Amino acid sequence: MEWLSVAPGLLCVLFLVALLAGFIDSIAGGGGLLTVPALLAAGLSPAQALATNKLQSVGGSFSASLYFIRRKAVNLREQWLNIVLTFLGSLAGALLVQHVQGDILRQLLPLLVIAIGLYFLLMPRIGEDDRQRRLHGLPFALVAGGCVGFYDGFFGPGAGSFYALAFVTLCGYNLAKSTAHAKVLNFTSNLGGLLLFMLGGKVVWLVGLVMLAGQVCGARLGARMVLSQGQKLIRPMIVIVSAVMSAKLLYDSHGAELAAWLHAL
């Protein structure tokens with residue numbers, strides 16, 4: 001169990017970063033683009049940063065999920081199979097990532113995130129209204145819960161967008177309803193990943209709990225915006241976050257090559 005000594009001023013900054021990340025994450029996903037770099041900049045090792053990020057993201061996803069459930073935007077009884085398979089998938093992914101290199105996934109992920117952004121950008125009517133459902137029961141739970149949950153435990157970035165896309169395209173839910181359901185599954189996979197990180201003793205609890213408080217506040221504000229503003233807020237946020245996330249992931253994978261190429265010009 002890690003309890004690093006952190007200056008109060010830095011803790012305040014991390015709280016504010018988490019608050020903003022929680023707001024963005026509850027609407028479109030991608031809050032980890034803010035929190036993971038902030039944790040690394042605060043002096044945490046990469047393993048500590050990823051573990052602590054899971055702790056604080058659990059707070060945000062729980063806060064948003066609870067808001068959606070209380071507002072009856074999500075019926076937990078109807079989602080129990082999705083939740084179970086998401087949890088099992090996230091555990092499997094978190095276990096596997098400790099033994100397998102994720103280099104191939106890091107190369108493919110920017111393309112997947114770009115595809116999600118383009119999908120919502122180029123199909124402006126998708127998610128306006130509920131449509132006919134394509135998958136039911138176990139098949140949907142395996143795809144949206146097990147597969148995306150496994151990805152979230154194994155790697156993570158953009159998982160909220162993948163959940164939302166599954167509910168829009170396979171369940172036929174409108175965008176606001178999909179976002180609400182996606183957040184419940186996102187909390188589930190975050191919790192599964194966190195449990196594995198806790199067993200590994202990599203969570204920095206002081207930092208994580210302070211950021212968790214910020215996530216709770218930001219996520220509650222974002223969740224309210226989802227239900228009040230709906231598609232006109234969610235769609236542009238998903239497109240923008242997808243673009244920023246893709247650029248960040250491409251830079252992380254190919255930044256050195258790009259810098260060398262620019263230097264040679």
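Here's a quick briefing on the fold, the cores and a few residues of this protein chain. Keep in mind that the model is predicted. The chain has 10 helices and 0 strands, and 50% of its 265 residues count as buried. Helix 7 is a good place to start looking, since the largest share of the largest nonpolar core, 8 residues, comes from it.

**Overall fold**
- Going along the sequence, you'll read the pattern α-α-α-α-α-α-α-α-α-α.
- Take the contacts between residues at least 6 apart in sequence: 84% of them join residues at least 24 apart.
- About 12700 Å² of the protein chain is exposed, and carbon and sulfur atoms supply 70% of that area.

**Nonpolar cores**
- The largest nonpolar core is a set of 15 residues, and Phe140, Tyr163, Phe167 and Cys171 have the most contacts inside it.
- Three elements give two or more residues to this core: helix 6 (137-154), helix 7 and helix 8 (175-200).
- Helix 7 puts in 8 residues, the largest share of this core.
- There's also a second, separate core, with 12 residues, including Ala64, Tyr67, Phe68 and Ala223.

**Threonine 169 in helix 7**
- You'll find threonine 169 in helix 7, which covers residues 159-171.
- Is threonine 169 buried or exposed? Its relative accessibility is 19%, and the cut-off for buried is under 20%, so threonine 169 counts as buried.
- As for a partner, the threonine 169 side chain reaches the backbone oxygen of leucine 165, at 2.7 Å.

**The surface patch and helix 4**
- Over on the surface, Trp80, Val84 and Leu88 make a nonpolar patch of about 310 Å².
- Valine 84 sits in helix 4, residues 80-96, and leucine 88 is found in helix 4 too.
- Valine 84 has 39% relative accessibility; partly exposed runs between the under 20% cut-off for buried and the over 50% cut-off for exposed, so valine 84 counts as partly exposed.
- Leucine 88 comes out at 47% relative accessibility, so it counts as partly exposed by that reasoning.
- Which residue can you pair with leucine 88 across a stretch of sequence? Try glycine 153: the two are 65 residues apart in sequence, and their C-alpha atoms are 9.6 Å apart in space.

Definitions and conventions:
Residues are numbered from 1 along each chain as its sequence is written. This is a predicted model: local features need pLDDT of at least 70, side-chain atom pairs count only at pLDDT 80 or more; totals for chains, interfaces and linings use all residues. Side-chain values use heavy atoms; hydrogens and water are left out. Helices (H or I, at least four residues) and strands (E, at least two) are DSSP runs, numbered from the N terminus. Buried means under 20% relative accessible area, exposed over 50%, partly exposed in between (1.4 Å probe, protein chains only). A polar contact is a pair of N or O atoms within 3.5 Å; within protein, one must be able to donate a hydrogen and the other to accept it, and residues adjacent in sequence count only if both atoms are side-chain atoms. Contact means heavy atoms within 4.5 Å. Accessible areas come from the Shrake-Rupley method with a 1.4 Å probe; for residues, only the protein chains shown count as cover. A nonpolar core is a set of buried Ala, Val, Leu, Ile, Met, Phe, Trp, Tyr and Cys residues joined through side-chain atoms within 4.5 Å. Patches are made of residues with over 30% relative accessible area and no salt bridge: like charges are joined within 9 Å, nonpolar side chains (Val, Leu, Ile, Met, Phe, Trp, Tyr) within 5 Å. A salt bridge is a side-chain nitrogen of Lys or Arg within 4 Å of a carboxyl oxygen of Asp or Glu.
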